[in-house]
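Let's take a walk through this protein together, one piece at a time. Have the picture open as you read.

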Amino acid sequence: MRWTQTFIPTLKETPADAEILSHKLLLRAGLVRKLTGGLYTFLPLGLRALRKIENIVREEMDRAGAIEVAMPCLQPPDIWQQSGRYTTAAEVLYHVLDRAKKEWVLGPTHEEVITQLAAFEINSYRQLPKNFYQIGVKFRDEIRPRFGLMRAKEFIMKDAYSFDVSDEAAMVSYRKMYDAYTRIFARCGLRALAVEADTGVIGGNYSHEFMIPAETGENEVVYTESGSYAANVEKATSRGPLTPTPTTDTGAAPEKFPTPGVVTIEALTAPPFNVAAHQQIKTLVYLADAKPILILLRGDDQLNEAKLIARIGAAQARPATADEVFAALGAHPGSLGAVAATLRSPGLPVFADLALQGAAGMTTGANEDGFHLRHVNIARDIAVTQWADFRTVQPGERDVASGQPLKSRRAIEVGHVFKLGTKYSEKMNALFLDESGRQHPCVMGCYGIGVTRTLQAVIEQCNDKDGIVWPLPVAPFSVCITPLNVAPDAPAMKLAEELYHHLTREGVEVLLDDRDERPGVKFKDADLIGIPLRVGIGEKSLAKGEVELKPRGGSLLPVKTEESAAQVLAWLRTESARFQIPA
């Protein structure tokens with residue numbers, strides 16, 4: 001491809017609304033252009049890179065035994081009502097009306113569609129296992145589209161869905177997808193971390209996210225340095241807080257004392273009260289399926305909402321407003337406490353974090369504005385409905401299994417694998433008959449990769465001060481030939497044309513920069529768009545019988561003119577070998 005015959009609108013300045021480095025480079029390198037918030041047009045370079053990633057995904061899915069299909073983006077709402085997600089996923093669903101005022105849903109994912117297909121087409125164990133996948137457009141009503149392709153309203157996703165006869169068989173399918181994802185991201189040149197994850201609105205009982213470490217990531221990953229443990233912070237566990245919870249019972253009954261104006265944990269730690277945060281019981285009020293519940297944590301801990309929702313079994317849960325708190329408990333936030341609250345409202349569910357088990361000599365709100373209680377023994381004074389891990393793990397705490405200290409860092413989620421079980425197959429009648437003629441629901445898994453997000457994740461991880469540094473397998477072009485004199489009869493241009501045609505015949509994807517621009521402009525643009533290997537052809541090097549090979553991010557390699565094609569092919573073979581992943 002000749003530069004003048006394609007469209008690469010590079011920018012010197014960064015658009016004001018580009019927030020993170022990869023978003024800036026997407027725009028500056030001329031890969032995409034913004035239509036409006038959350039919607040982007042892919043330009044030729046961006047589309048070429050996107051297709052490279054899609055091809056890698058397709059090759060590995062086929063290699064793992066998945067079968068490609070194509071499902072409609074426009075979906076009838078009744079299948080979402082049947083699964084229950086018409087309500088639980090309402091925040092991300094786009095609803096459209098046709099000319100007859102009939103409602104439709106734009107698919108954010110395709111569990112319902114594929115499960116209905118299985119319900120109609122699969123009826124015997126002899127037809128299983130099956131794993132169907134597609135690569136296509138998805139729509140999600142993001143409340144705040146941001147970071148370019150990272151959080152968009154329309155995006156490209158690879159989604160796959162497995163159907164098996166048992167949990168054991170489903171785990172085989174799960175492992176195949178897990179391994180395929182590991183190969184996919186390695187082939188894309190990404191350093192991906194597989195972490196234990198919450199299943200969220202998708203559902204299921206087993207899940208891993210594939211994360212790309214990046215300071216601009218929207219997710220937080222907890223891990224050990226050895227790699228023996230890694231989990232999304234929503235799922236992460238530890239041996240508990242580093243500071244032990246007080247367990248010495250003073251023997252005294254709860255004593256109310258005045259705390260005028262004290263409505264925070266921090267305020268109670270200050271003089272004249274001097275109650276350390278880990279000696280306090282924090283009381284939170286949530287509405288779970290519209291009914292109030294209490295959550296108790298140590299004062300120095302933070303609630304992990306994903307853990308809460310997973311453990312209380314509610315379809316929806318949210319923090320109560322100040323007015324809702326007062327209506328339920330008769331006190332305002334900052335003075336709440338389960339000792340008096342449960343006396344005022346018998347039967348009020350109380351969920352307590354495991355770090356509070358055995359806690360004694362604690363201080364909590366008196367459930368009366370301006371007062372707290374001291375000498376609280378949680379076993380004696382509070383009727384706990386359920387004990388569970390509700391807290392957010394903190395860096396430095398110890399891994400449950402190994403005892404190693406836990407670390408934390410930001411990351412970008414690019415893939416997610418779920419073991420769904422029978423959540424969808426039972427609701428949507430995806431059933432099969434076993435060898436004895438007994439009917440069972442298919443055991444399902446689902447597996448997603450954000451293809452457009454993966455593209456931007458590559459840029460986020462592979463860049464330097466000059467621009468993108470594409471890994472060879474996903475680069476829009478493998479080689480950029482840069483003649484410094486593009487006059488048709490110039491020796492530099494003649495050699496560039498010869499090399500261009502030779503490499504193209506060898507199957508190399510070459511970009512020939514035939515623009516009549518200053519050398520500095522051409523070199524800066526080549527670095528910005530990040531083509532893995534640049535071949536510079538100038539009069540000074542030709543006078544020495546040489547051309548210059550410049551790997552992106554590497555050093556100049558002068559080579560003899562007559563050896564240039566062979567040297568380029570040799571470099572490409574060596575570089576390509578770095579990304580060959582065995583089965």
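Start with Tyr286, whose bridge partner in β15 is Ile293. Keep in mind that you're looking at a predicted model. That pair belongs to a bigger pattern: strand β14, residues 281-288, and strand β15, residues 291-298, run antiparallel and are joined by eight bridges.

Zoom out a little and you'll see that these two strands are part of an open sheet of five, in the order β16-β14-β15-β17-β20, with mixed pairing. At the edges stand β16 (317-319) and β20 (386-388); each has a single partner strand, so one side of each is left without a neighbour in the sheet. Going from one strand to the next, the twist averages 30 degrees. There's a helix here too: α9, residues 322-329, packs on the sheet and touches β14, β15 and β16. The direction of α9 makes about 100 degrees with that of β14.

Now stay in β15 and find Leu296, which sits in that strand. Is Leu296 buried or exposed? With a relative accessibility of 0%, Leu296 counts as buried. Its surroundings fit that picture. Setting aside residues up to four places away in sequence, Leu296 touches Ile281, Lys282 and Thr283, along with Ala338, Val350, Phe351, Ala352, Asp353, Leu356, Ile378 and Ile382. As for Arg311, 15 residues from Leu296 along the chain, the C-alpha atoms of the two are separated by 14 Å.

Next, hop over to another strand, β10 (residues 206-213), where you'll find His208. His208 counts as buried as well, at 12% relative accessibility. Which side chain does the side chain of His208 make a polar contact with? The partner is Tyr174, at 2.8 Å. Leaving out residues up to four places away in sequence, the residues that His208 touches include Tyr178, Val195, Glu196 and Ala197, and also Gly415, His416 and Val417.

What about the cysteines? A disulfide is a covalent bond between the sulfur atoms of two cysteines. This structure holds zero disulfides. Take Cys73: the closest cysteine sulfur, in Cys446, is 17 Å from its own, and that is too far for a bond. Cys73 is partly exposed, with a relative accessible area of 26%. Cys188 is in no disulfide either, and the nearest cysteine sulfur, that of Cys462, is 9.9 Å away. Cys188 is buried, its relative accessible area being 0%.

Let's move to the nonpolar interior. The largest nonpolar core has 61 residues, and those with the most contacts inside it are Leu31, Met61, Tyr181, Ile184, Phe185, Trp470 and Ile529. Pick out Met61 as a way in: beyond its neighbours within four places in sequence, Met61 is in contact with Ala66, Tyr133, Lys158, Ala160, Met177 and Tyr181. Apart from this core lies another one, of 27 residues, among them Ala565, Val568, Leu569 and Leu572.

Finally, step back and take in the whole chain. It has 17 helices and 31 strands, and its C-alpha atoms fill a box of roughly 100 × 70 × 50 Å along the principal axes. How many of the 583 residues count as buried? The share is 51%. And if you take the contacts in the chain with a separation of 6 or more, 70% of them are accounted for by residues 24 or more positions apart.

Notes: Residues numbered from 1 in each chain as written. Predicted model: local features only at pLDDT ≥ 70, side-chain atom pairs only at ≥ 80, totals over all residues. Heavy atoms only, no water. Pairing = 2+ DSSP bridges. Helix = DSSP H or I, 4+ residues; strand = E, 2+ residues; numbered from the N terminus. Axes fitted to C-alpha atoms, helices over the stretch in contact; angles between N-to-C directions. Contact = heavy atoms within 4.5 Å. Buried < 20%, exposed > 50% of the residue type's maximum accessible area, 1.4 Å probe, protein only. Polar contact = N/O pair within 3.5 Å; in protein donor to acceptor, adjacent residues only side chain to side chain. Disulfide = S-S within 2.5 Å. Core = buried A, V, L, I, M, F, W, Y, C linked by side-chain atoms within 4.5 Å.
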